[in-house]
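User: Please take me through how the helices and strands of this model are arranged, with the criteria behind each term.

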Amino acid sequence: MSHRPGGPRPPHRLTSLLARVIPDGAAGASSVLGDLYEEYLHLRERRGRVAADLWYAAQVFALGLPWAFGAVRRALSEILGGLRLDLRSSLRGLRRQPALIAVSVLSLSLGSGLVTAAATMVNGAWYAPLPWTAAERMVDLADTHPTEIPPGFTPGTSLRAFQRWRTDLPQGVFERLEAHMRAWVPIRTGEMAPSTVRAVRVSGGYGDLLELEASTGRLVSPADLEPGADPVVVLSDGLWRAAFGESPDAIGRTLDVDGVGHTVIGVLRPDARTLEDAELLLPLSPAGPEATYAQRGVQVLGVLAEGVSVEAADAALASLASGLYADAEELTAGWSASATPLRTVLARRGVHPMGAVALVLLCLVVLLVAALNLASLLLARTTGRAREFGVRAALGAGTARVARASLMDGLILAGAGGALGLAVVVFARDAAVARFAAEMPSWASFPIDLRVLVATVLGTTLTALLVGLLPVLRAVAIGRASGIARSAVGQSVRSSSRGQNLLLGGQIVLALALVAASAGALRTFSRVSDFDRLGYRWEGLTGVVVSPVPGEEAWETARAAGTLDRTAAQDPRVQTHATARSLRLAGADRAGEGTLVRIGGLTEALSGSGVPSASLAVGPGYFGLNEIPILAGRAITEADGEAAPPAAVISTDAARAMWPDRAPESVVGELVELERDGRRTAFTVVGVSGPVILDPTAAGDRTVPRIYPSILQTPDVLYGNAASGIQLQVSTAGAPPTLQEWTAWVNEVLPGAQVSEVFEVEGILRQWVQPIVVIGSVLGVLAMLVLALVAIGIYGTVSYRIASTRREIGIRLALGADARQVVGAVLRPIARVVVAAVVLGGLFALASGRVLAAGGIPVGPGDAVTLALGAILMFGAAAGASWGPLRRALAIDPSQSLREE
Amino acid sequence: MGELEHLILLAIAALDANASALGIRRRLDAEGRGITRGALYRSLDRLGEKGLIVWEVEEPAADRGGHVRRVYGLSPEGLDAIRERRATLERLWAEAAEVVR
């Protein structure tokens, strides 16, 4: 009964707060509140309302807090007690099914381990801290241009620009700037065969910035960069061991680097972390007076001054560089420079974002298949516990209690699987890092830190929830039906079969998609690795790119290019030789971006798809050296010199693009005009060559339509302002020439011209297809794992199905059914599921193949053969998994089965 | 049974039919054994759990803000407990009388 007084009252909120926490004991909530009210009234009469309210509040907290803590403690201990009970009951049940535990934990640990490993890799490549003290303030400084830099390409900057930045950038923006330049250099010592090693030319403070230390001797110092200083070299620990047999006397000895004797001044410690993992450190000589801003390839590393943001440094650099480059004759308009955090630059270099996403997704698919597998096994177990859940529900356990009891199995198994997966990764990490140390940059670390742990725990928890959900729903349904009644149990067995069909189907769909994707990737891998289809020679070809000397009209590039390879031919090792130079073509709609193309006699320049995408001015011998077939007419020869009428060869696909209505071979004799800056040259088509594929990974073997004018007849103006380099290629008998030899040949014709690092066509192609090789291998391994998991899943489902229909099989046998009929009856529903899943999986595989291909992951389209193969594998797994359980079921004694009934 | 619980049982007995929580507290205060409100209520809960006290609930009253009052009394077990405690004390006093005198 409630009696509402009309007089003064203490603060209502405080009263109701206290009423909530007073336990149901001898003190009694209403009585306690009444006592407080009485005293509150007295106090209020004597001291006023404010004092009384304050007193009341103090009493509520003094009384309420201990009671509230007590209530929380009691609730917690009740929940923990319940959990302990569920845990014990789950463990007791699971102990009776060691095979279930082993299969579940192992398959989940596989999935969880893969997710952890993928997360560790991505974390290491993108987020893990760099090993240097000032790493957080390190930035990479490089030239930028809105259109002239191909995507994904880092141009670095020029030595000349680096020196200007050092002197002209405002004080207080950067603490320091250091530079380095990658190079492959040939070396010779008495103790090892001549070889080409990765070297880096460094500024004086580079070693200090990257905290490099010499185990013996010293590092490159600013004095070594002075003009006239003796050539010196610092060796990596590995090279010191290989070239000098760990001799402590190596310091002071001479190493032949690129044909010049260099004094060894130091050896790096084995744990040195350079950015380029170089075998040699050489001094980076200052830029000479002839150096230009266009001669890039220098990587500049800056350390921001304390308190300066990357944005502020970027703005200062851009302002300086834009001003410098605007006045430079050798550069087109629009060049500037920017500063990017070093971590971002290295992350871009490490793992391609799409590759990382694909890797994590694939690992999640494996985890998902493992989870579905486990869910299927648990569903069978839940149905087996129908009586227990029914009893619990009948004894008054709420839905939540029954659900919790059922979820516990999933949590235990997922937790154990996750922990095992994590443990394997933790223990295997060092071995993996050691195994792949040579392929990984020395600055990279792969810590299993908070980010990785969160990813693993999140993955495993979600898995546990997913795993537990279907069995939990089943348990709740059983609980609701108060499944002591046999009919309810029977019904739940039937619904459980439906759930298992769903899970089995889901697994097969995922497995088929993965098998199709990996088969596609393997097919793509074998296709891209077949370089013979590219339409040109790829073995035994090496070359260099000669940088033009800009602004020097007298250089007469055409003539020089024509004679360049003849000097190379003087070397007895050189068998064939040729020069080539890229011309950038553009349609009439993008006139400013390249050279225009016109069919002779027409006034309009070509545009859109009619423009061949590339042009390569070539010297005599180019087609022979590269083994590009001439299908009609002839190749470019010595005769196509300055005095002769301009001649060009055209590839069949370019001929088709320009003269769509004619047979490619019939265009010999036609005229092709090239135009730039108002200057036109008309070339007669003297031959038609076979098409070439430049990108071995391109979908559908896309060829690159080309026009090949004679290099001797192509005026400089056609190349545009940013004149492209001349490729000089040779094939040799025996060892390829050193950079020193290349430079000597080039400088004989073009004194002062710069020569790039030596390239090998085969090496470039192999590097190009490397990501596909990696993706193919990863997909292949994952597909095998998933197939094994799905086979286990099918085995579990079929075993359970047969076990739950033992009685039915026995009765059928007792009633005279023959074994074939029984087998048919048992296998028909399973076969229906497998067939439906295979059809769905096929469709899913086709769709996902398209999505991945659209995202730039070349897994190849899932075709009929692959899908058929996947389907056969699935049917095989189902048949193999059914064999054992079915044989056991057929051995049932019908009379015993009837007695049980 | 602790010292405080013993005193509360004695106060309930002394107050006879008027042993409300407030009354118990005031009685102990008068004896110089001040006790916080929280300690009193927790002790009453404990004595209730041990079955040493019983209580009656009065009708809700306006002067108590519409809340009830519980009036406590000793259960037979409660009576036994304080008697036993008294006997213990008397025995000890008898033995200690010579020294304490």
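User: At roughly what angle do the axes of helix H1 (residues 12–21) of chain A and helix H3 (residues 49–95) of chain A cross?
Analyst: This is a predicted model, in which local features need pLDDT of at least 70, side-chain atom pairs count only at pLDDT 80 or more, and totals for chains, interfaces and linings use all residues. Residues are numbered from 1 along each chain as its sequence is written, with chains lettered from A and ligands numbered from 1 in the order in which they are written. Helices (H or I, at least four residues) and strands (E, at least two) are DSSP runs, numbered from the N terminus, and axes are lines fitted to C-alpha atoms, for helices over the stretch in contact, with angles from 0 to 180 degrees between N-to-C directions. The axes of H1(A) and H3(A) come within 8 Å, and they cross at roughly 25 degrees.

User: How are H1(A) and H3(A) therefore oriented to each other?
Analyst: Angles under 35 degrees count as roughly parallel, over 145 as roughly antiparallel, 65 to 115 as roughly perpendicular and the rest as oblique. H1(A) and H3(A) are therefore roughly parallel.

User: Which residue of S6(A) stands opposite A:His262 in S7(A)?
Analyst: S6(A) and strand S7 (residues 260–268) of chain A run antiparallel and are joined by four bridges, where pairing requires that DSSP finds at least two bridges between two strands. The residue of S6(A) opposite A:His262 is A:Leu255.
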